[in-house]
Amino acid sequence: MNYHWQYGRRYHAFKEGSYKFPNDEREQDRLDMLHNMFRLVLDGKLFLAPIEDGPLRVLDIGTGTGIWAIEFADEFPSAQEITGNDLSPIQPPWSVPLGLNYTLIKSGPSAELSRVPPNVVFEVDDVESEWPPRPPFDFIHSRYMCGSIEDWPRLAQQAYNQLKPGGWIEFQDFYLVNYSEDGSLKEGNNVNRFYELLREALDKINRPVTIGRELEQIVKEAGFVNVHHEVFQLPLGTWPRERKMKEIGALNMLQMLDGLEAFSAATFTNILGWTIEEVQVFLALVRKDAKDRGVHMMHDFHVVYAQKPL
């Protein structure tokens, strides 16, 4: 918990530097906003794999604020244990005095008092290290880990090894390449340029933000069967006419604008060699272009779930 601070943002201490984004309260609010957006994309679901209620053992890789694990426990009260794994101890049991079972779970601008279910546990560990031996899981879930993982095939293989025969894995992740279907995204758009620079920075350290498109092949090569792959379009902004897509686009734009500093402060300076002043000037141009409702920009969100053979 001896966190590292840089440019006014707080970063994890365990395996310092392996994750390039902050873990402070501002970033936690953004992650919870993304959680709400993902549920909206999946029509209110936490996952798409055919999991049935029962004495399940579940692992949530990169659990972040722990909100997915907590909501899974609420929806599956008979689950034996849901383990949330992360580099940062920012989940509820770590953020309140020992012995208290209540914390503030924040969702967007509001916050409500929420109890951590007794079958939810959180651990501080690095999923890119060798996984510790333990009883096998029924379901392993990973969401929004793009930009964080260097060796995706090894991650999938370790998950395969720790699943029960017949158990399921589900990856939900981005392919952060923007496009428009009507030609409205023009060369020189600073929002798109920001995403291009972010991809460039994270490609330099072999932690791609375009992993979504590769997940299906990765799980197949790990030995999984019954592989299902769905792609969802995520608009960036409120330009869609359809109400659900408009709401998704609003949340996506809001989290992007709120996360601009989080995405770029460490990556652009430490990897691309920018000064923090250059970053701040560029982000002002990004925010200006983000207001242009005539640009109908979007990117894709991939969900891949598969089963370990019986």
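A cavity, as the word is used here, is a set of grid points where a 1.4 Å probe fits but cannot get out, whereas a pocket is an open set with protein on both sides. In this predicted model, the count under that rule comes to two cavities of 30 Å³ or more.

The second largest cavity has a volume of about 140 Å³, and of the 15 residues that line this cavity, those closest to its centre are Y144, L176, Y195, L198 and F263. Four elements, α1 (25-41), β9 (163-179), α5 (190-204) and α7, each supply at least two residues of that lining, with α5 giving the largest share, three residues.

The second largest pocket, for its part, has a volume of about 180 Å³. Its lining is made up of 16 residues, and L236, G237, M253, A290 and D292 lie nearest the centre. The elements that give two or more residues to this pocket lining are α7 (243-270) and α8 (276-290), and the largest share, three residues, comes from α7.

The linings of the two spaces divide by residue class as follows.

| Space | Nonpolar | Polar | Charged |
|---|---|---|---|
| Second largest cavity | 11 residues | three residues | one residue |
| Second largest pocket | nine residues | three residues | four residues |

Helix α8, named above for the pocket lining, also holds F282. Is F282 buried or exposed? Its relative accessible area is 9%, and because buried means under 20%, F282 counts as buried. Leaving aside neighbours within four places in sequence, F282 is in contact with N190, R193, F194, L197, F268 and W274. One of these partners, N190, is 92 residues away from F282 in sequence, yet the two are 8.1 Å apart in space, C-alpha to C-alpha.

Another of the partners of F282 is F194, which, not counting residues up to four places away in sequence, touches L260, F263, S264, F268, F282, L283 and V286. Among these, F263 is also one of the residues closest to the centre of the second largest cavity, while F268 is a contact of F282 as well.

F194 further belongs to the largest nonpolar core, a set of 85 residues in which those with the most contacts are F47, F72, F139, I140, W152, F174 and F194. In soluble globular proteins, nonpolar side chains tend to be buried together.

How values were computed:
Residues numbered from 1 in each chain as written. Predicted model: local features only at pLDDT ≥ 70, side-chain atom pairs only at ≥ 80, totals over all residues. Heavy atoms only, no water. 1 Å grid on protein atoms, 1.4 Å probe; cavity = no way out; pocket = protein on both sides within 12 Å on 5 of 7 lines; lining within 4 Å. Points joined across faces, edges and corners; volume = space filled by probe spheres on them. Nonpolar A, V, L, I, M, F, W, Y, C, P; charged D, E, K, R; others polar. Core = buried A, V, L, I, M, F, W, Y, C linked by side-chain atoms within 4.5 Å. Buried < 20%, exposed > 50% of the residue type's maximum accessible area, 1.4 Å probe, protein only. Contact = heavy atoms within 4.5 Å.
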